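Subject: Structure for you to look at

Hello,

Below is the structure I said I would pass on. My notes on what was found in it follow.

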Amino acid sequence: MGYLKRMVREQSHVVIASIHQPRSAIWLMFDAVTLLASGRLMYHGPREGITAWFGSLGYNYDPSLHGVPSDWWVAPWATR
């Protein structure tokens, strides 16, 4: 992932990756996120905006309860 990030920055390439539950170090490398669940679009936008987006829908993120965002958003809507 580090190599891909450098390629994006240094050579102006676009990288599209499909990642399942990335650890926090990998999650922090992403600029934008498209989150799909059962083939439906759940979120598309900047990585930093995902917790605020789900928070606006009533799925509040608390780091002390949920850990890092890449672990939390796996399926917060599935518990409702």
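Of the 80 residues of the chain, 24% count as buried. Please keep in mind that this is a predicted model.

Overall layout

The chain has five helices and two strands. Along the sequence they come in the pattern α-α-β-β-α-α-α. The C-alpha trace spans about 45 × 30 × 20 Å along its principal axes. Taking contacts in the chain between residues at least 6 apart in sequence, 24% of them join residues at least 24 apart.

Salt bridges

As a general point, side chains of opposite charge can pair when their charged atoms come close. The structure holds three such salt bridges.

One of them is formed by the side chains of Asp31 and Lys5, at 3.1 Å from N to O. Asp31 lies in the loop between α2 (24-27) and β1 (32-37) and Lys5 in helix α1 (residues 2-11), so this pair ties together parts that are 26 residues apart in sequence. Asp31 counts as partly exposed, at 40% relative accessibility. Lys5 is also partly exposed, with a relative accessible area of 22%.

Asp31 has a salt bridge with Arg9 as well, at 2.9 Å from N to O. This pair again links distant parts of the chain, with Asp31 in the loop between α2 and β1 and Arg9 in helix α1, 22 residues apart.

The side chains of Glu48 and Arg47 also meet in a salt bridge, at 3.1 Å from N to O. Is each of these two partners buried or exposed? Glu48 counts as exposed, at 55% relative accessibility, whereas Arg47 is buried, with a relative accessible area of 15%. As for shared partners, salt bridges join Lys5, Arg9 and Asp31 into one network.

Around Arg47 and Pro46

Arg47 sits in the loop between β2 (40-46) and α3 (50-56). Which residues is Arg47 in contact with, leaving aside its neighbours within four places in sequence? They are Trp27, Leu28, Phe30, Asp31, Ala32 and Val33. Asp31 is thus a contact of Arg47 and a salt-bridge partner of Lys5.

Pro46 is found in strand β2. Its relative accessible area is 48%, so Pro46 counts as partly exposed. Not counting residues up to four places away in sequence, Pro46 touches Asp31 and Ala32. Pro46 and His66 are 20 residues apart in sequence and 20 Å apart in space, C-alpha to C-alpha.

The nonpolar core

The largest nonpolar core has ten residues in all: Ile26, Trp27, Phe30, Val33, Leu35, Tyr43, Ile50, Phe54, Tyr59 and Trp72. The elements that give two or more residues to this core are α2, β1 and α3.

One member of the core, Val33, can be followed through its contacts. Leaving aside neighbours within four places in sequence, Val33 is in contact with Trp27, Tyr43, His44, Gly45, Arg47 and Ile50. Trp27, Tyr43 and Ile50 belong to the largest nonpolar core, and Arg47 is the buried residue described above.

The largest pocket

About 770 Å³ of space lies in the largest pocket. Of the 27 residues that line the pocket, the closest to its centre are Ala17, Phe30, Ala32, Val33 and Thr34. The elements that give two or more residues to the lining are α1 and β1. Which element gives the largest share of the lining of the largest pocket? That share, five residues, comes from β1. By class, the lining has 18 nonpolar, six polar and three charged residues.

Some residues come up under several headings. Phe30 and Val33 are among those closest to the pocket centre, and both are members of the largest nonpolar core. Ala32, also among those closest to the pocket centre, is touched by Pro46 and is in contact with Arg47.

To look through the model in order, you could begin with Asp31 and its salt bridges to Lys5 and Arg9, and go on from there to Arg47, which is in contact with Asp31.

Regards

How values were computed
Residues are numbered from 1 along each chain as its sequence is written. This is a predicted model: local features need pLDDT of at least 70, side-chain atom pairs count only at pLDDT 80 or more; totals for chains, interfaces and linings use all residues. Side-chain values use heavy atoms; hydrogens and water are left out. A salt bridge is a side-chain nitrogen of Lys or Arg within 4 Å of a carboxyl oxygen of Asp or Glu. Helices (H or I, at least four residues) and strands (E, at least two) are DSSP runs, numbered from the N terminus. Buried means under 20% relative accessible area, exposed over 50%, partly exposed in between (1.4 Å probe, protein chains only). Contact means heavy atoms within 4.5 Å. On a 1 Å grid over the protein atoms alone, a cavity is a set of points where a 1.4 Å probe fits but cannot get out, and a pocket is an open set with protein on both sides within 12 Å along at least five of seven lines; lining residues have an atom within 4 Å of a point. Grid points are joined across faces, edges and corners, and a volume is the space filled by probe spheres set on the points. Ala, Val, Leu, Ile, Met, Phe, Trp, Tyr, Cys and Pro count as nonpolar, Asp, Glu, Lys and Arg as charged, and the others, Gly among them, as polar. A nonpolar core is a set of buried Ala, Val, Leu, Ile, Met, Phe, Trp, Tyr and Cys residues joined through side-chain atoms within 4.5 Å.
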